[in-house]
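Reader: Got a minute to go through this one with me? I'd like to start with the contacts between chains.

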Amino acid sequence: MTPETIFYSVAFPLLGVFLGLVYKGIDRRISARLTSRIGPPIRQPFWDVGKLLLKETIVPKNAIAWLFNAMPILAFASSLTLLLYIPFGVLKAPLEGYGDLVVILYLLTLQSLAMAIGGFASGSPFSSVGAQREMVLMMSYEMPLATVIVGFALIYRSFSLTTIASTPVWSIVSPLAAFGVLLLFVALLTVTPAELAKLPFDIAEAETEIAEGMLAEYSGRNLALFYLSDAVRGFAMAAIEVVLFFPFTLSSILGLSLTGFALYAVEALWFLLKVLIIYLLAVTLVRTSFGRFKIDQASRIFWVHVNLVALLGLALIWVGV
Amino acid sequence: MAKSTYYIPVGPIHPALKEPIRVEAEVEGEKIVKVDVKRGFAHRGIEYMGMKRNAIQTLYLSERICGICSISHPYAFVITAEKALGIEAPPRAQYIRTIIAELERIHSHILWLGVIAHEMGFDTLLFWTWKGREKVLDLLEFITGNRINYSMYMIGGARRDLKEKHIRAIKDAIDYYWKFTEHMKEIFLSDPVYKARTRNVAKVSKDIALKLNLVGPIARAAGIRMDVRQDMPYDAYADIDVRAVVPQDIVGEVYGDAYDVTMVRIYEIEQSLDIIEYCVDNLPEGKILAIPNYVALLAKIRRTKGEAIGAHEAPRGEVIHYLKFDGRDGPSVWKVIAPSYNNINSWGPLLIGAEVADIPIVVAYIDPCMCCNDRVAVVKTKDGNELGYTEIRKKCLEKTEKIRRELK
Amino acid sequence: MPTKVMFLILKQLLEKPFTNPFPVKHAPKNVTELIEKVQKGEVQINPPVPVPEGFRGKLHYDPERCIGCRLCIMVCPADAMEWVPELKKIRHYVSRCMFCALCVDVCPGKKFPGEEKAVKALSMSEEFLLADYDKYSDNLIEEPPEAKEKGI
């Protein structure tokens, strides 16, 4: 372990949390404008977190206290770890070589799992229903998500994210496989709101049905940790999509020959812009233009429709590669 | 065997409810196996208050029964009082009252469309429909002086006249709402998520609707042609041939579910626009109050004895008022029956076998108004015991007997 | 899957927000300071939404015109009027008022010499910002000035 790695492992999570909250702010603002409202200032999520951290943390009487308190930390830790696997523009991922796409898949699952366990541990009927729904939803969207990752493994013969990021996927596949990759992209876009518990798949936290579900009993610091992990997860998910499907660097498009700091800065900003576009498309626009599905409807959508799209994409890649 | 069911309390405070009521659901997984509806959280004793005041005061008290039906209760009240007292409102006032009532129907239906969208997490539609609703509220403020609680009616007429500028504003608003309703039809009735969440949810068959005595748009969505404006026309409705809006006339088939209710309500907005257009074009000239002097009116009420039952088709269904005048300047008996009272009865049968996710839709699809329907308080004896059902029933029978004896 | 709502919201993105803005963007630290600054013209505030003609706002009471007939007390549904027997005038509690304007309808008013028609003592003003911490604050009680001086 070099000093550089240690620096990265501190700086990346901090940067990730900051960016996650900024993106959440932008998301809220754009969503408000889409519905003819003014919306909160972009720094509102920071205030929210600050306020939550100041508030009293209440543990319900019939909750399993240690489990109830541990799960927010687990969710936050796994989302921070997730950040360390994402190559940031042309920067290499800090944990490069220690894990790959499969680890990312499990880290994403771990957060949902932590929320579900926290919900079960809080001993409220609303949380239990929410946690049950989250488990069902997780089982439904894991399959398309895994299919996408297998598709990439087929193309690159590797699970490493840095390898994938260094060569754009579109440049090494045949036209037929490229269409398959497009289908995988569509499948991943549909999974994104479910993974992030956003409308139309925020079934586990349905406000009007079960009063925020899994989060119903959480307050204060615990809720702040869930809030932060949610923000980070949103950023990370969009970043993964960019890395998988749009890894083009700005210098390669424009034919620039930048070096040193300028290269890093320009590429980082370009990367953030790409992430923002994906975030707005996959999260903001979708969550504003749909209502909430029922859990059985959502399951059917993932098991039948999205799965079909993803498997078709996989088959095309298999034939095309 | 392990306990496989657990119990979900919805209310009295819950995000799906706008007013306090309690739905206790026993849930097996996502499925509801047992349900109990408890009401009575918003009882204010308003009828008793009304029986202590004079009739003009009580009329304005009736406006405060419900915030959204703030013209429906006064309308039923003035119709009943006019019947009991033998006063007839001048034709112009009758037309003005109809216009205000129909404007209220438009805003109430649009409000419901927003609320039902919010219940399924569709906040975009909530913001959009309520944005469109602002226009009719502004119009009502322009005509009556306030956005809600219009204070427009008086026993034997209306208090404010429609001037040329008001009529121009109404015509403007009608043009706007023809377009807006067309737009709403497109958005609501074609949206895949909306359809997925409402089709076959809260499904009422014609039989059940008749058995449970459902009223208003809910009964009409189940295919029953009932509408107070059609069955017992009053005021300007007598000149207009109002026909109940039922889904079989619109699409040819009846499901009786929340989707059909949506359809019925949207088409009723168009019907209201038609009625307002007719009233504005055929507005008779003349005075607007039968007895302009309130002191004379109160004196007449003091002189007259009589009782009557009157009904008005509120946006939610029929509102029925009973009034009895016997020598006081106000009613000695005042009884209000609000539409939600009947419609809440449908929650129990509809929720059994439904999913937890359907609770907000089933709760909201009748547009419940708790403060309209809570008319009974829990009665306690002096030593703190609650009176049971049998005792309360016995007392009710005693009172009925007493009234019957008085009538003879 | 593009739906009609998606086109609707994209159209709304290009329009101006529909919300009526608050007077100032952020809650001021000191309200009195802000009001002073607004009066001096240093700070611009978003004006309140204009009310239409015939709006029923806070009740305005003119004791000079009051003849003490007590009709307003008779019709007031909320019992917001109180009779002041010493002065033969009324006192009006705005916090109880329900803005139905019945009292304005019944008020006979008084004709001063040289006037053609009687002018009512009660009228509805356009003032609607009535929030207060104290329901008996000066702003929420309309009474003859003598009543306050004599402490009736």
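Reader: What do the side chains of C:Glu53 and B:Lys165 meet in?

Author: A salt bridge, at 2.9 Å from N to O. Keep in mind that this is a predicted model.

Reader: How many salt bridges are there between chain C and chain B?

Author: The count is four. Polar contacts across that interface come to 16 residue pairs, both residues at pLDDT 80 or more.

Reader: Which elements of chain C give two or more residues to the side that touches chain B?

Author: Helices α1 (4–14), α3 (71–75) and α4 (102–106) of chain C. α1(C) gives the most, with five residues.

Reader: And what is that side of chain C like by class?

Author: It has 20 nonpolar, three polar and six charged residues.

Reader: How much area do chain C and chain B bury between them?

Author: About 2600 Å². Carbon and sulfur atoms carry 59% of it. The contact takes 29 residues from chain C and 34 from chain B.

Reader: Which three residues supply the most of the area that chain C buries there?

Author: C:Lys4, C:Phe18 and C:Arg56. They supply 22% of what chain C buries against chain B, more than any other three residues.

Reader: OK, over to chain A. How many residues does its contact with chain C take from each chain?

Author: Chain C gives 15 residues and chain A gives twelve. The area buried between chain C and chain A is about 1200 Å². Of that, 67% comes from carbon and sulfur atoms.

Reader: Which residues of chain C lose the most area to chain A?

Author: C:Ile9, C:Leu13 and C:Pro17. Together they make up 37% of what that side buries.

Reader: How many salt bridges does the rule find across the interface of chain C and chain A?

Author: Zero. For polar contacts, the count is one residue pair, with both residues at pLDDT 80 or more. By class, the side of chain C that touches chain A has nine nonpolar, four polar and two charged residues.

Reader: Then what is the salt bridge count over all chains?

Author: 39 by this rule. One of them joins the side chains of B:Arg97 and B:Asp235, at 3.0 Å from N to O.

Reader: Where do B:Arg97 and B:Asp235 sit in chain B?

Author: In distant parts of the chain, 138 residues apart. B:Arg97 is in helix α4 (residues 91–119). B:Asp235 is in the loop between α10 (228–231) and α11 (247–250).

Reader: New topic: pockets. What volume does the second largest pocket have?

Author: About 1300 Å³.

Reader: How many residues line the second largest pocket, and which lie nearest its centre?

Author: It is lined by 48 residues. Nearest the centre are B:Arg147, C:Asn20, C:Pro21, C:Val49 and C:Phe128.

Reader: Which elements give two or more residues to that lining?

Author: α5 (123–144) of chain B, together with α2 (31–40) of chain C. α5(B) gives the most, nine residues.

Reader: Last one. How do the lining residues of that pocket divide by class?

Author: 29 are nonpolar, eight polar and eleven charged.

Conventions: Residues numbered from 1 in each chain as written. Chains lettered and ligands numbered in written order. Predicted model: local features only at pLDDT ≥ 70, side-chain atom pairs only at ≥ 80, totals over all residues. Heavy atoms only, no water. 1 Å grid on protein atoms, 1.4 Å probe; cavity = no way out; pocket = protein on both sides within 12 Å on 5 of 7 lines; lining within 4 Å. Points joined across faces, edges and corners; volume = space filled by probe spheres on them. Helix = DSSP H or I, 4+ residues; strand = E, 2+ residues; numbered from the N terminus. Nonpolar A, V, L, I, M, F, W, Y, C, P; charged D, E, K, R; others polar. Contact = heavy atoms within 4.5 Å. Buried area = accessible area lost by both parts, 1.4 Å probe. Polar contact = N/O pair within 3.5 Å; in protein donor to acceptor, adjacent residues only side chain to side chain.
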